[in-house]
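Work through the exercises below with the sequence and the structure open. Each task is followed by a solution in steps.

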Amino acid sequence: MELKNKNVLITGSSRGIGLAIAHKFASLGANIILNGRGQVSEEVLDEFAKYLVKVLAVSGDVSDSADAKRMVEEATTAMGSIDVLVNNAGITKDKLMLKLTEEDFEQVLKVNLTGAFNMTQAVLKPMTKARQGAIINMSSVVGLTGNIGQANYAASKAGLIGFSKSVAREVAARNIRVNVIAPGFIESDMTDGLPDKIKEASLAQIPMKRFGNTEEVAEVAVFLASQEYVTGQVIAIDGGLTMQ
Ligand SMILES: NC(=O)c1ccc[n+]([C@@H]2O[C@H](COP(=O)([O-])OP(=O)(O)OC[C@H]3O[C@@H](n4cnc5c(N)ncnc54)[C@H](OP(=O)(O)O)[C@@H]3O)[C@@H](O)[C@H]2O)c1
């Protein structure tokens, strides 16, 4: 898919990986719809002026189906269509299983997995009519391997993989592709807060001996949106962490 003048909605793009993805698509001439639960700041919006593309911010909670529908409607009214959806919004609530409450479990599932369901369902009908579209779901290597203290997060990210492959099969004949990115340890607000001990232990396990950066994840998103014959795949970007 040629990305110039295409409309790309990225959930959770007020900062971190989502914001880097938005910049990468904008630099290739795509129009951008940013999202976060809060207002996207003027500062963040101003940084897009240099690309000379349309930029819209829609605030809302992806875990709320009414919010998801409203955001997609707002974006479609302003831009005309949504050609690429990146389900990137995600949260963690890390605790060992014995301490994990039902609420901790459900909240993470609701944002990370139900959020992607809500947004996908809201964009899929018009994409089906247009017989064109790309959906990219942001999983994690933790969804492939599991991780101590992340039973809720791992369940949500593994769930996204099964969800993506199922939807990919349903819509492939309509020329809509659904793929998954599984990042390893990427420098962002989400990982900045981790204790140094955990960061050091993670680094020791990464064959490339460094963490990834948000731009590198954005390059994978651009690949998955623009190429036209890859669907139902999971691409790990993790410095070799999960290589078989
Ligand atoms: N960083 C890593 O190492 C890493 C590794 C593997 C996978 N991932 C995944 O990559 C994605 C982005 O991670 P990140 O590190 O960039 O996270 P981040 O810096 O914490 O940013 C998360 C983004 O999601 C938004 N968000 C959170 N809950 C939301 C909701 N209910 N509705 C709408 N937006 C919501 C946040 O904005 P508001 O706070 O304004 O809502 C923010 O824009 C996540 O899905 C994460 O699980 C990250």
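**Exercise 1. Polar contacts of the ligand**

Find which backbone or side-chain atoms of Val62, Asp61 and Ser14 lie by the ligand, and at what distance.

Solution. The model is a predicted one.

Step 1. Begin with Val62: a backbone N or O atom of this residue is 3.1 Å from a nitrogen atom of the ligand.

Step 2. Go on to Asp61, where a polar side-chain atom is placed 2.8 Å from a nitrogen atom of the ligand.

Step 3. For Ser14, the partner is an oxygen atom of the ligand, and a polar side-chain atom of Ser14 lies 2.7 Å from it.

Step 4. Compare these distances with the cut-off for a polar contact, which is a pair of N or O atoms within 3.5 Å.

**Exercise 2. The shell around the ligand**

State how much of the accessible area of the ligand the protein covers, and which elements give two or more residues to the shell.

Solution.

Step 1. On its own the ligand has 890 Å² of accessible area, and the protein covers 94% of that.

Step 2. Two or more residues of the shell come from each of α1 (16-27), β2 (31-36), α6 (151-171) and α7 (189-192). The most come from α7, which gives three residues.

Step 3. There are 31 residues around the ligand, and those that come nearest are Ser14, Arg37, Asn88, Tyr153 and Ser188.

Step 4. Sort the shell by residue class: eleven are nonpolar, 15 are polar and five are charged.

**Exercise 3. Asn88 and Asn87**

Place Asn88 and Asn87 in the chain, decide whether each is buried or exposed, and list their contacts beyond four places in sequence.

Solution.

Step 1. Asn88 sits in the loop between β4 (84-87) and α4, while Asn87 belongs to strand β4.

Step 2. Buried means under 20% relative accessible area. Asn88 has 10% relative accessibility and therefore counts as buried. Asn87 has 4%, so Asn87 is buried too.

Step 3. Beyond four places in sequence, Asn88 contacts Ile10, Thr11, Gly12, Ile17, Gly18 and Met138.

Step 4. With the same neighbours left aside, the contacts of Asn87 include Thr11, Gly115, Ala116, Met119, Ile135 and Met138.

Step 5. Asn87 also has a C-alpha to C-alpha distance of 8.6 Å to Asn112, and the two are 25 residues apart in sequence.

**Exercise 4. Strand β1**

Which residues cover the two faces of strand β1, and which strand is joined to β1 by bridges?

Solution.

Step 1. Strand β1 spans residues 7-10, with Asn7 and Leu9 on one side and Val8 and Ile10 on the other.

Step 2. All of these residues are buried, and both faces of β1 are covered.

Step 3. β1 runs parallel to β2, and three bridges join them. Val8 has Ile32 of β2 as its bridge partner.

**Exercise 5. Two buried helix residues**

Describe the surroundings of Asp104 and Val222.

Solution.

Step 1. Asp104 is part of helix α4 (residues 102-130). Its relative accessible area is 9%, so Asp104 is buried.

Step 2. Not counting residues up to four places away in sequence, Asp104 touches Lys93, Lys95, Lys99 and Asn152.

Step 3. Val222 belongs to helix α9 (residues 214-226). Its relative accessible area is 12%, so Val222 is buried.

Step 4. Apart from neighbours within four places in sequence, Val222 is in contact with Leu3, Lys24, Phe25 and Leu28.

Step 5. Val222 and Ile136 are separated by 86 residues in sequence and by 9.7 Å in space, C-alpha to C-alpha.

**Exercise 6. Positive phi in two loops**

Where are Arg131 and Asn175 found, and what is the phi of each?

Solution.

Step 1. Recall the background: most residues other than glycine have a negative phi.

Step 2. Arg131 is not a glycine, yet has a positive phi of about 50°. Arg131 is in the loop between α4 and β5 (133-138), and counts as partly exposed at 46% relative accessibility.

Step 3. Asn175, also not a glycine, has a positive phi of about 65°. Asn175 lies in the loop between α6 and β6 (176-183), and is partly exposed with a relative accessible area of 39%.

Key
Residues are numbered from 1 along each chain as its sequence is written. This is a predicted model: local features need pLDDT of at least 70, side-chain atom pairs count only at pLDDT 80 or more; totals for chains, interfaces and linings use all residues. Side-chain values use heavy atoms; hydrogens and water are left out. A residue is near a molecule or strand if one of its heavy atoms lies within 4 Å of it. A polar contact is a pair of N or O atoms within 3.5 Å; within protein, one must be able to donate a hydrogen and the other to accept it, and residues adjacent in sequence count only if both atoms are side-chain atoms. Accessible areas come from the Shrake-Rupley method with a 1.4 Å probe; for residues, only the protein chains shown count as cover. Ala, Val, Leu, Ile, Met, Phe, Trp, Tyr, Cys and Pro count as nonpolar, Asp, Glu, Lys and Arg as charged, and the others, Gly among them, as polar. Buried means under 20% relative accessible area, exposed over 50%, partly exposed in between (1.4 Å probe, protein chains only). Contact means heavy atoms within 4.5 Å. Two strands pair if DSSP finds at least two bridges between them.
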